[in-house]
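Let's take a friendly walk through a protein fold, starting from one small detail and working outwards. Have a look at the sequence and the structure first.

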Amino acid sequence: MLISISFFNIHTYLLSELKQVSKTDSKVQYKSPYLPADTMVDFLRVSDKTIKSGLIRTIYTRKDLIDSWTNTFQIIDQPIIGLVPAAPHIFDSITSKVIEKITILIDIESNSTNVLIGSQLAQLNSYKLPFGYSLYISKNLKESSINFFERIRNSVNLILNENNEEFSQDIF
């Protein structure tokens, strides 16, 4: 089952940054937005011949969130195959076709907007913006739409500036 990216947090580490690839590693715990006892972490080793030092993509979520989904499936007698965020897979699909230094994927929801910034088979980090499309519903949808996307663009610019990155040509 695909779950909204808003329930997940993604961060990519260089393999050399981690003492061990484990949720008990201090750097992994530091980046988690959740308490250690309520954190579920999934690791994906990113391997490509062009990447000299290995990368570890880490996806964080709340353990009780995943437990609630699996318990619900058990109650309604449905098989549990997996619970994953769709956005990282969409991001990887886009970056396999569109090669840019930085790729930006925006996932717009009612109350929040999620931004994924990274590059093909390399860095991928997620950021949650505290606004969604519901704040911009008005009688003048054209003006609201322009204001909404301008706010997203400004937010992405702030994130990129903090990371010393340049704005991408395309935003998906």
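In this predicted model, the side chain of Thr12 reaches the backbone oxygen of Leu124 at 2.6 Å. Where in the fold does Thr12 sit? Thr12 is found in strand β2, which covers residues 8-14.

Is Thr12 buried or exposed? Its relative accessible area is 2%, and the cut-off for buried is under 20%, so Thr12 counts as buried. Which residues does Thr12 touch, once those up to four places away in sequence are set aside? They are Leu55, Ile56, Arg57, Ala122, Gln123, Leu124 and Asn125. Leu124, the partner of the Thr12 side chain, is thus also on this list of contacts.

**From one residue to the cores**

Now turn to the nonpolar residues. The largest nonpolar core has 14 residues, and the members that touch the most others are Ile5, Ile10, Leu105 and Leu116. Strand β2, helix α2 (63-75) and helix α3 (87-97) are the elements that give two or more residues to this core. Helix α3 contributes the most, with three residues. Remember that β2 is also the strand that holds Thr12.

Leu116 is a good residue to click on. Leaving aside neighbours within four places in sequence, Leu116 is in contact with Ile5, Ile10 and Leu105, and its contacts also include Ala87, Pro88, Phe91 and Thr103. Ile104, Leu124, Asn125 and Ser126 are on the list of Leu116 contacts too. Leu124 and Asn125 appear among the contacts of Thr12 as well. Apart from the largest core lies another one, of 13 residues, among them Ile104, Leu129, Ile159 and Leu160.

**The whole chain**

Finally, zoom out. The protein chain has four helices and eight strands, and along the sequence they follow the pattern β-β-α-β-β-α-β-α-β-β-β-α. Here are some values for the chain as a whole.

| Property of the protein chain | Value |
|---|---|
| Span of the C-alpha trace along its principal axes | about 50 × 45 × 30 Å |
| Share of the 172 residues that count as buried | 40% |
| Accessible surface | about 10,700 Å² |
| Distance between the mean positions of the 17 positive and 18 negative charges | 3 Å |

Carbon and sulfur atoms account for 55% of the accessible surface. How do contacts link parts of the sequence? Among contacts between residues at least 6 apart in sequence, 55% join residues at least 24 apart.

Note on methods: Residues numbered from 1 in each chain as written. Predicted model: local features only at pLDDT ≥ 70, side-chain atom pairs only at ≥ 80, totals over all residues. Heavy atoms only, no water. Buried < 20%, exposed > 50% of the residue type's maximum accessible area, 1.4 Å probe, protein only. Contact = heavy atoms within 4.5 Å. Areas by Shrake-Rupley, 256 points an atom, 1.4 Å probe, with all protein chains shown as cover. Lys, Arg positive; Asp, Glu negative; His and termini not counted. Charge placed at Lys NZ, Arg CZ, Asp CG, Glu CD. Polar contact = N/O pair within 3.5 Å; in protein donor to acceptor, adjacent residues only side chain to side chain. Core = buried A, V, L, I, M, F, W, Y, C linked by side-chain atoms within 4.5 Å.
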